[in-house]
Amino acid sequence: IAMSMKVCSNLNMGIPGPIVHAMPPALWIANTDELNTALSALSGSDFVAIDTEFMRERTYYATLCLVQIATRDACVLIDPLAVTDLQPLWNFLADRSRLKVLHSARQDLEVLWQAMSRAAPDTPTLPVPGPIFDTQIAAALLGYPAQVGYATLVTERLSHTLPKGQTRTDWTRRPLTPEQLEYATDDVRYLVPLYEDLRAALDAQGRLSWLAEEGLEMEDPGLYRIEPAEAWRRLKGLDRLLPHQRATAKLLAAWRESRAMAKDKPRGWILSDESLRDMVERMPRNAEDLQSVRGLSANFLRKRTEEMLTIIAHGTSSGPRETPSVLSGRPEPEQTALVNRLMAAVRDEAARSRIAPELLATRRDLEQLVFAGRSDHLVNGWRGAVIGERLLALAAEAQSATAG
């Protein structure tokens, strides 16, 4: 692809939706000089729409393949596989003077922040690009489903249908096809008017500050920092394991994460979730027992049997020191009934306020409140005023009646 390659921009297509601005053709950026020029052109805006394309099917760390950035007046496609010095981009993203607009931002922020961090391994903690305006959360605050897709919003808010067909493309290939380039451009081209439309709607309902709170939560580097000791949090269904099993699961998850990072291979290639779970349920004590664990290959058993048995033995001995689970044991029928009652209250308030119910409170939030008295997520910020305090009062009333 030539350095000066341009991708046709069709924002002047006569789209009947709101706040659609004409935009010059998108520019392909493939060297540091072009990058500096492009960032200078983007820097005059008070916001930038951002999207990324990446691949991680065969690696642990995502390979950043494309960074798309747009404003009302400019659109650029930055090729991280060609630009040798991306530090100007990292500096631009770290500048908090302009809002960062993304759709379903968590994954893009993770990929960008980890790429920034790997480029500066000696920097203790880099800031996450912010402040953040997530159009998916903005839409959920206006009554759309919590996981509403970008294409759906573009259709419903801007009256434009985005073409499909590139969702499973190989973004590492060069040159990219015109269809791939157009697809990548669309991901930020329509994000500009979509942001302006959703922002106006939220402002009219007095909910811009709510979205700002949600965006601030996503700026926590801890969400994207990789700590092998915390890898067990990705696992599901640990709540009702016995203490020594849970301790073993944490050790196995940490071992798997460290090895996946060192090899830059997907964690599932090192040890699948199914095999890890079966191992902690069986708690094998010898090589023969380990052979009965589902999904362990002959090669894995030949190389890792002694290592696995050592980890399991350590987990067994660590069991008595394991922190009790939030959901220890089977919940009482009264507790499950209370969770269901609180969930109904959440759905009622969501319908009344026209907010996606998952954004108010998830079932997991309510289970933690009822089973363990944990309520920070429910009572902090806007959520506490809208539903949190009422949920706490309902829970206290029900638990008091049961105790009486």
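A crossing of two helices is called left-handed if the near helix is turned anticlockwise from the far one by less than a right angle, and right-handed if clockwise. The crossing of helices H1 and H2 is left-handed. The structure in question is a predicted model, in which local features need pLDDT of at least 70 and side-chain atom pairs count only at pLDDT 80 or more, while totals for chains, interfaces and linings use all residues. Residues are numbered from 1 along each chain as its sequence is written, and side-chain values use heavy atoms, with hydrogens and water left out.

It helps to begin with the whole protein. It has 18 helices and seven strands, where helices (H or I, at least four residues) and strands (E, at least two) are DSSP runs numbered from the N terminus. Along the principal axes, the C-alpha atoms fill a box of roughly 65 × 60 × 40 Å. Of the 404 residues, 50% count as buried, that is, under 20% relative accessible area (exposed is over 50% and partly exposed lies in between, with a 1.4 Å probe and protein chains only). Contacts (heavy atoms within 4.5 Å) often link distant parts of the sequence: among those between residues at least 6 apart, 69% join residues at least 24 apart.

Back to the helix pair. Two packed helices are described by the angle between their axes and the distance between the axes. For H1 (residues 32-42) and H2 (residues 87-94), the axes come within 9 Å and cross at roughly 15°; axes here are lines fitted to C-alpha atoms, for helices over the stretch in contact, and angles run from 0 to 180 degrees between N-to-C directions. The two helices are therefore roughly parallel to each other, a label for angles under 35 degrees (over 145 is roughly antiparallel, 65 to 115 roughly perpendicular and the rest oblique). Leu-35, Asn-36, Leu-39 and Leu-42 of H1 meet Pro-88, Leu-89 and Phe-92 of H2. Sorted by class, this contact has six nonpolar residues, one polar and no charged ones; Ala, Val, Leu, Ile, Met, Phe, Trp, Tyr, Cys and Pro count as nonpolar, Asp, Glu, Lys and Arg as charged, and the others, Gly among them, as polar.

Strand E3 (residues 47-55) comes next. Nine of its nine residues are buried, so E3 is largely enclosed by the rest of the structure. Phe-47, Ala-49, Asp-51, Glu-53 and Met-55 point one way, while Val-48, Ile-50, Thr-52 and Phe-54 point the other way. E3 pairs with two strands, and pairing requires that DSSP finds at least two bridges. With E6 (residues 99-102) the sense is parallel, over three bridges, and Ala-49 stands opposite Val-101. With E4 (residues 63-70) the sense is antiparallel, over seven bridges, and Thr-52 has Val-67 as its bridge partner.

Finally, some backbone details stand out. Most residues other than glycine have a negative phi, and most peptide bonds are trans. A cis bond joins Gly-130 and Pro-131, with omega about -5°; Pro-131 lies in the loop between H3 (105-119) and E7 (132-134). The bond from Arg-174 to Pro-175 is also cis, with omega near 0°. Ser-159, not a glycine, has a positive phi of about 60° and sits in the loop between H5 and H6. Asp-264 has a positive phi of about 50°, and its loop runs between H9 (243-263) and H10 (267-270).
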